[in-house]
Amino acid sequence: MKPVLGALSVVLLGSLSGCGYIYGEDGYFRDRGSDYQAAQIKPRMEVPDGIESKPIGDLLPVPGQVTGNQEFDEFEMPRPQAMLVSAEASEFSLQQDDARRWVHAQRSPADTWPLVRQFWNDYQVGVASESANLGEVETDWLAFDVQSDNPLVRRISPALGEGRSEEDEHRFRMRVEPGVQSGSSEIFILHTHRSQGGNRDEWPESSDNLNLERAVLAELESYLSQSRADGSTSLVASQEGLIAQRATLDEDGAGNAVLNIQSDFNRTWAAVGDALGQADILVTDLDRSSGVYYVDLDQTASSQQEKPGFFGRLFGRDEDEEVTARPLQVRLTQVSNGVQVTVERSIETAAEGDEAQALLTRIRDNLN
């Protein structure tokens, strides 16, 4: 028995000493995390004569005074500082990364949730389900042709695009997630559609119509930028009246008609879009980043809702019928004391004086 115990003791001692051989400072699997401290600066490589080289700086410069045996205390990585938002900067902004878009909020998800939830109430959009714990809202189905008077439908329907059926139903899912930075939030929108009366209930991986997703996010960003923390005021219902009182029809230095509105860009953009809808002016497209509504005065928004189908348009038109389009651009430009609304043929050509005057008058009269 004693020889066996002695042999086991020798094997155990050998294994313990072997740990230093394998994992110790001189072991095969030693810790190499501090090897950079013993690095040495080598002279620059010399390029032979007659060969051109492009000079570059040191990509990974090594400090001049480095000692390999210096002992350091344990270092703790500090947390990133909270982002400071100036008084002039908005707490909400529209962000994009490749095909992903979202609204970034400089507020925690708990503070953001009541505001985004109120958004659907103020825009008179029904909610099918919601979860405050998940930060998620699913809307009811919206039929654009039937609910054309809905505030949200009026503002985002131009983003539907040509060739899309207005007889479809649409709904949106909104999710509020914690942002990358502490104390911030990210708000995402997902869109899906189906034919009226259909039974499609599953959600796609990405939005069926990216233009509608972008339009809802832009409207949400505009709404949040105007909203207060308590969310007690219906901004959609109250903002137009205030803007109408601050709108004046003037002329610029060249004698062109200009509608001056003393308000911020977000409020004015939403109010002008509503005024175009109230005036039954057909908006064929829009570009919020450029501040432009594209309108067609030869057609009305209501007539487009009664427009015949493809074969009706194909066989119902006379051969001698001429189709003349008068596309115009209603452009909003931020100025020092508010926003200027002008009417143009293109970015370089102004519209006819009487035509611009009449269109701006219709917009002004429908602001409230």
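This text walks through a predicted model of one protein chain, from its overall make-up to a few helix contacts.

Start with the whole chain. The protein chain has 368 residues, and 34% of them count as buried. Its secondary structure comprises nine helices and 13 strands. Now take the contacts in the chain with a separation of 6 or more: residues 24 or more positions apart account for 56% of these.

Confidence comes next. Mean pLDDT for the protein chain is 76, with 69% of residues at 70 or more. Residues 82-88 fall below 50, and this stretch has five contacts in the model beyond near neighbours in sequence. Residues 237-241 also have pLDDT under 50. For that second stretch, the model has nine contacts beyond four places in sequence. Where pLDDT is low, the predicted coordinates should not be read in detail.

Turn to helix H4, residues 210-226. One of its partners is helix H2, residues 109-122. The axes of H2 and H4 come within 10 Å and cross at roughly 110°. Angles from 65 to 115 degrees count as roughly perpendicular, so H2 and H4 are roughly perpendicular to each other. On the H2 side, the contact involves Leu115, Val116, Gln118, Phe119, Trp120 and Asp122. H4 supplies Val216, Glu219, Leu220, Tyr223 and Leu224. By class, this contact of H2 with H4 holds eight nonpolar residues, one polar and two charged.

H4 also meets helix H6, residues 265-278. Here the axes come within 9 Å and cross at roughly 125°. That angle makes H4 oblique to H6. The crossing of H4 and H6 is left-handed. From H4, the contact uses Glu219, Glu221, Ser222, Ser225 and Gln226. From H6 come Asn266, Arg267 and Ala270. The class count for H4 with H6 is one nonpolar, four polar and three charged residues. Glu219 of H4 thus appears in the contact with H2 and in the contact with H6.

Finish at Arg154, in helix H3, residues 151-156. Is Arg154 buried or exposed? Arg154 is partly exposed, because its relative accessible area is 22% and buried means under 20%. Setting aside neighbours within four places in sequence, Arg154 is in contact with Ser148, Asp149, Asp274 and Gln278. Leu276 offers a long-range reference point for Arg154: the two are 122 residues apart in sequence, yet 9.4 Å apart in space, C-alpha to C-alpha.

Notes: Residues numbered from 1 in each chain as written. Predicted model: local features only at pLDDT ≥ 70, side-chain atom pairs only at ≥ 80, totals over all residues. Heavy atoms only, no water. Axes fitted to C-alpha atoms, helices over the stretch in contact; angles between N-to-C directions. Helix = DSSP H or I, 4+ residues; strand = E, 2+ residues; numbered from the N terminus. Parallel < 35°, antiparallel > 145°, perpendicular 65-115°, else oblique. Left-handed = near helix turned anticlockwise from the far one by under 90°. Contact = heavy atoms within 4.5 Å. Nonpolar A, V, L, I, M, F, W, Y, C, P; charged D, E, K, R; others polar. pLDDT = per-residue confidence, 0-100. Buried < 20%, exposed > 50% of the residue type's maximum accessible area, 1.4 Å probe, protein only.
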